[in-house]
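Colleague: Could you take me through one part of this model in detail? I would like a close look at the protein surface facing the DNA, and then at what lies behind it.

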Protein chains: 2
Amino acid sequence: METPEFCTEDGNLSLKLFVVLTRALQSVEEKVMQDIKGHGLNLTEFAVLELLYHKGDQPIQKIGEKVLLASSSITYVVDKLEKKGYLARIACPNDRRVTFASITTIGINLMDEIFPKHKEAIRQIMGGLNMEEKQFVIEELKKLGYYAKNL
Amino acid sequence: METPEFCTEDGNLSLKLFVVLTRALQSVEEKVMQDIKGHGLNLTEFAVLELLYHKGDQPIQKIGEKVLLASSSITYVVDKLEKKGYLARIACPNDRRVTFASITTIGINLMDEIFPKHKEAIRQIMGGLNMEEKQFVIEELKKLGYYAKNL
DNA sequence: TATAATTATCTCGAATTCGAGATAAAGGAT
DNA sequence: ATCCTTTATCTCGAATTCGAGATAATTATA
């Protein structure tokens, strides 16, 4: 099975893309984490709290689907946010298998305070590209991710 | 401190870029991991072994710098690769603080077999973009990552 | 030379994630 | 009504990563 020349080129380019993609996210994520850690949360906790803040109460399982975590991991994260007082578990009256996670007033107050800062922090972290470039990269990454996911 | 309108736009775009970047890498990484897991390694182990395979023996600390892992994590990964017989620790004769990690013949044989397959797998995973697009995204991600890292 | 600062590696415990399996409730089919 | 399948959550143990601190060797400084 011979590999044509253009495939080798494409292979090298793809390899490079994988490395660059990994490195770029690593750099970005580190800065984002610094921002969030300063508010006593980690990236996962923030993602869950942000989901409840913007989308309202969610069955625990739905959270897992949205933030791409296994159900066992969600239990862990929700436990931690509950202990910190930022969310509460609320039993579903219709379906007793289901537990809703619901952001508390304290949680809302926290997000009211930190979300605008978070958004601004990300805007600065992403400062390496102008708006047009961001728009373009977003489209390209969507294509890339969509294709890879459905392989 | 008022935030001008265009900054809000930029903020939303940046937020979206962060989400899309994260999702794209997640999709890609999952497929890459599937490929590598099939050969009895995980992503980190593969990265370390690949470094030694292509760049030769490395002081253990250098490995950490290259693959972006803490020294304690490197100890763990090197331990595992050593147990599997793919690398050996070799004391540095000049500086007795230093230990080199060196890929064994068995490790080389493994990489000879799986690296071409790995490269082809990544080429397929990255099939959502053509070569021109890949080249462009690489440049943009480099800018993005470089800027973020040096904030 | 003796001391201090630096460097490389390792040990240990905590945090985070996952997968497998347990439990319990709902829904569907006979 | 009973049994089977599906669904939602949780428990548990393993894997992986990190940070703090230990150890030991090297280098710089007084």
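**The surface facing the DNA**

Modeller: Happy to, and let me start with DNA strand D in this predicted model. This strand is surrounded by 22 residues, and the closest are Gln61(A), Ser72(A), Ser72(B), Ser73(B) and Arg96(B). Two or more residues each come from helix H3 (60–67) and H4 of chain A, together with H4 of chain B. Sorted by class, the surface near DNA strand D holds eight nonpolar, nine polar and five charged residues.

Now turn to DNA strand C, which has 23 residues around it. Here the closest are Ser72(A), Ser73(A), Arg96(A), Gln61(B) and Ser72(B). The elements that supply at least two residues each are helix H4 (71–83) of chain A, and helix H3 (60–67) and helix H4 (71–83) of chain B. H4(A) provides the largest share of this surface, with five residues. The class make-up near DNA strand C is eight nonpolar, nine polar and six charged residues.

It is worth seeing how the two helices of chain B are set against each other. The axes of H3(B) and H4(B) come within 9 Å and cross at roughly 105°. Because of that angle, H3(B) counts as roughly perpendicular to H4(B). Where they meet, Ile60(B), Gln61(B), Ile63(B) and Gly64(B) of H3(B) face Ser71(B), Ile74(B) and Val78(B) of H4(B). This contact of H3(B) with H4(B) comprises four nonpolar and three polar residues, with no charged ones. Gln61(B) therefore appears twice in this picture: it takes part in the contact with H4(B), and it is among the residues closest to DNA strand C.Behind this surface, the two chains meet, with 48 residues from chain A and 48 residues from chain B in the contact. On the chain A side, helix H1 (5–37), helix H5 (105–125) and helix H6 (131–149) each give two or more residues. H1(A) gives the most, with 21 residues. That side of chain A has 25 nonpolar, nine polar and 14 charged residues.

Finally, look at the interior. The largest nonpolar core has 69 residues, and those with the most contacts inside it are Leu49(A), Leu87(A), Val28(B), Leu49(B) and Leu87(B). Leaving aside neighbours within four places in sequence, Leu49(A) is in contact with Leu41(A), Leu81(A), Tyr86(A), Leu87(A), Ile103(A), Gly107(A) and Met111(A). In soluble globular proteins, nonpolar side chains tend to be buried together.

Methods:
Residues are numbered from 1 along each chain as its sequence is written. Chains are lettered from A and ligands numbered from 1 in the order in which they are written. This is a predicted model: local features need pLDDT of at least 70, side-chain atom pairs count only at pLDDT 80 or more; totals for chains, interfaces and linings use all residues. A residue is near a molecule or strand if its C-beta atom, placed from the backbone, lies within 6 Å of it. Helices (H or I, at least four residues) and strands (E, at least two) are DSSP runs, numbered from the N terminus. Ala, Val, Leu, Ile, Met, Phe, Trp, Tyr, Cys and Pro count as nonpolar, Asp, Glu, Lys and Arg as charged, and the others, Gly among them, as polar. Axes are lines fitted to C-alpha atoms, for helices over the stretch in contact, and angles run from 0 to 180 degrees between N-to-C directions. Angles under 35 degrees count as roughly parallel, over 145 as roughly antiparallel, 65 to 115 as roughly perpendicular and the rest as oblique. Two residues are in contact if their C-beta atoms, placed from the backbone, lie within 7 Å. A nonpolar core is a set of buried Ala, Val, Leu, Ile, Met, Phe, Trp, Tyr and Cys residues joined through C-beta atoms within 7 Å. A residue is buried if 20 or more other C-beta atoms lie within 10 Å of its own, exposed if 12 or fewer, and partly exposed in between; C-beta atoms are placed from the backbone.
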